[in-house]
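I opened my notebook to work through this structure and jot down what I looked up. Here are my entries, in the order I made them.

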Amino acid sequence: MACSALLCLIVLVNEGSASASEILSGALQDNDRALIVGRRTFGKGLVQSPFDLSDGSELRLTISRYYTPSGRSIQKPYLNEEEYSKDIVKRYKHGEFFTADSVKFNDSLKFKTTHGRTVYGGGGIMPDYFVPLDTANSSRYFNELFAANVIREFAFNYAEENKAKLEKIGYENFKNKFIVDERILSQLVALGQKEKVKPDLKDLERNKMVFQVYLKAEIARRVWGNAAFFPIFNETNEVLQQAVKMFDRIPELNRSKM
């Protein structure tokens, strides 16, 4: 299986995992050194080189692609820019977030891990153990805002405008007492409209906790760094809850390799 006799890592991924996280999880999977748990990753594996321009701006030129040790390309196809930008929403509508069988692989992109397990290329890293999105907390509107980068943009702007006040409050007070209220959610909807994401207020009301938790976690990340994001986000992280259960299977998985 995916664990050595001496060490087992469990790596959590989902459709938002991109770039460096995909390189790491793909390498660990190909070498059978970790269990990858969650949903198929984003599919961003391009190498970019920065060039300073005379006006003070910077050009990032794509010069290569990242491949896993088995030879898989991490980058998903991007010949059609519109299709590329809507890929996450397309996956959601196709049911990929809910059933592993909805993920279709091309047999010509079949690869083998160190111990002979079959893995596939074609964009993103497919986990060893699939965790469906909790349908009780699934929101098409949230995913459309996320795909359009609206949620992260709003969190960045909010944190920049309120940074001094938030830092004065302190992280622990923020985590325990800060509430993403109706006013903040209304501002998020307005930014979404500006970015051409049609509002779905019924969806927002039905899945309000999803919006509140993720937006709060993103604001915390912008003020206090990555370490501040996860204690808030993981309160509703179904992938983490399932991964914790996998630790009970480590002895069994280790024995199967010996």
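**Entry 1: charges over rings.** I needed a definition before starting: a charge sits over a ring if NZ of Lys or CZ of Arg is within 6 Å of the ring centre and within 35 degrees of the ring normal. I also noted that this is a predicted model. With that in hand, I looked up Arg 39 and found it over the face of Phe 97, 6.0 Å from the ring centre. Then I tried Phe 146, whose face has Arg 152 over it at 4.4 Å from the ring centre.

**Entry 2: the whole protein.** I stepped back to see what the chain is built from. Its secondary structure comes to twelve helices and seven strands. The C-alpha trace spans about 55 × 50 × 35 Å along its principal axes.

Which radius of gyration would a compact globule with 258 residues have? I got a value near 18 Å, and the protein has 20 Å, which agrees. I also wrote down that 43% of the 258 residues count as buried. The accessible surface comes to about 14,400 Å², and 53% of that belongs to carbon and sulfur atoms.

Next I checked contacts along the chain. Taking contacts between residues at least 6 apart in sequence, I found that 71% join residues at least 24 apart.

**Entry 3: aromatic pairs.** How many aromatic pairs does a search of the whole structure find? The search gave me 14. One of them is Tyr 158 with Phe 178, an edge-to-face pair at 6.3 Å centre to centre, with 65 degrees between the planes. Planes over 60 degrees apart count as edge-to-face, so the 65 degrees of this pair fits the label.

I looked up where the two rings sit. Tyr 158 is in helix H5 (residues 150–169), while Phe 178 is in the loop between helix H6 (171–177) and helix H7 (182–194), so I logged a link between distant parts of the chain, 20 residues apart. Buried or exposed: what are Tyr 158 and Phe 178? Both turned out to be buried.

Then I took Phe 229 and Phe 230. They form an edge-to-face pair, 5.0 Å centre to centre, with 80 degrees between the planes. Their surroundings didn't match up: Phe 229 counts as buried because its relative accessibility is 4%, under the 20% cut-off. Phe 230 has a relative accessible area of 40%, so I put it down as partly exposed.

I followed the ring pairs further and ended up with a cluster. Tyr 141, Phe 142, Phe 146, Phe 211, Tyr 214, Phe 229, Phe 230 and Phe 233 are linked into it. Phe 146 was already in my notes, as the ring under Arg 152.

**Entry 4: helix H1.** I picked helix H1 (residues 20–30) and asked which residues are buried there. My list reads Glu 22, Ser 25, Gly 26, Leu 28, Gln 29 and Asp 30. The buried residues of H1 pack against strand S1 (9–13), strand S2 (34–38) and strand S6 (118–120).

Ala 27 is in helix H1 too. Its relative accessible area is 24%, so I marked Ala 27 as partly exposed. For a sense of distance, I checked Ala 27 against Glu 172: they are 145 residues apart along the chain, and their C-alpha atoms are separated by 36 Å. Just after H1, I noticed that Asp 32 takes a positive phi of about 55 degrees.

**Entry 5: salt bridges.** A reminder to myself: side chains of opposite charge can pair when their charged atoms come close. The structure holds 14 salt bridges.

The side chains of Arg 72 and Asp 30 meet in one of them, at 2.5 Å from N to O. Arg 72 lies in the loop between strand S4 (58–65) and helix H2 (81–85) and Asp 30 lies in helix H1, so the pair ties together parts 42 residues apart in sequence. Arg 72 and Asp 30 are both buried.

Asp 32 came up again, in a salt bridge with Arg 117 (2.8 Å, N to O). Here Arg 117 is in the loop between strand S5 (110–112) and S6, Asp 32 is in the loop between H1 and S2, and the two are 85 residues apart. Both are buried as well.

My last bridge was Lys 208 with Glu 205, where the closest N and O atoms are 3.4 Å apart. Lys 208 counts as buried, at 18% relative accessibility. I finished with a network: salt bridges that share partners join Arg 40, Lys 76, Asp 87, Arg 91 and Glu 96.

Definitions and conventions:
Residues numbered from 1 in each chain as written. Predicted model: local features only at pLDDT ≥ 70, side-chain atom pairs only at ≥ 80, totals over all residues. Heavy atoms only, no water. Phe/Tyr/Trp six-rings, centres within 6.5 Å; stacked < 30°, edge-to-face > 60°. Helix = DSSP H or I, 4+ residues; strand = E, 2+ residues; numbered from the N terminus. Buried < 20%, exposed > 50% of the residue type's maximum accessible area, 1.4 Å probe, protein only. Rg over C-alpha atoms; globule rule 2.2 N^0.38 Å. Contact = heavy atoms within 4.5 Å. Areas by Shrake-Rupley, 256 points an atom, 1.4 Å probe, with all protein chains shown as cover. Salt bridge = Lys/Arg side-chain N within 4 Å of Asp/Glu carboxyl O.
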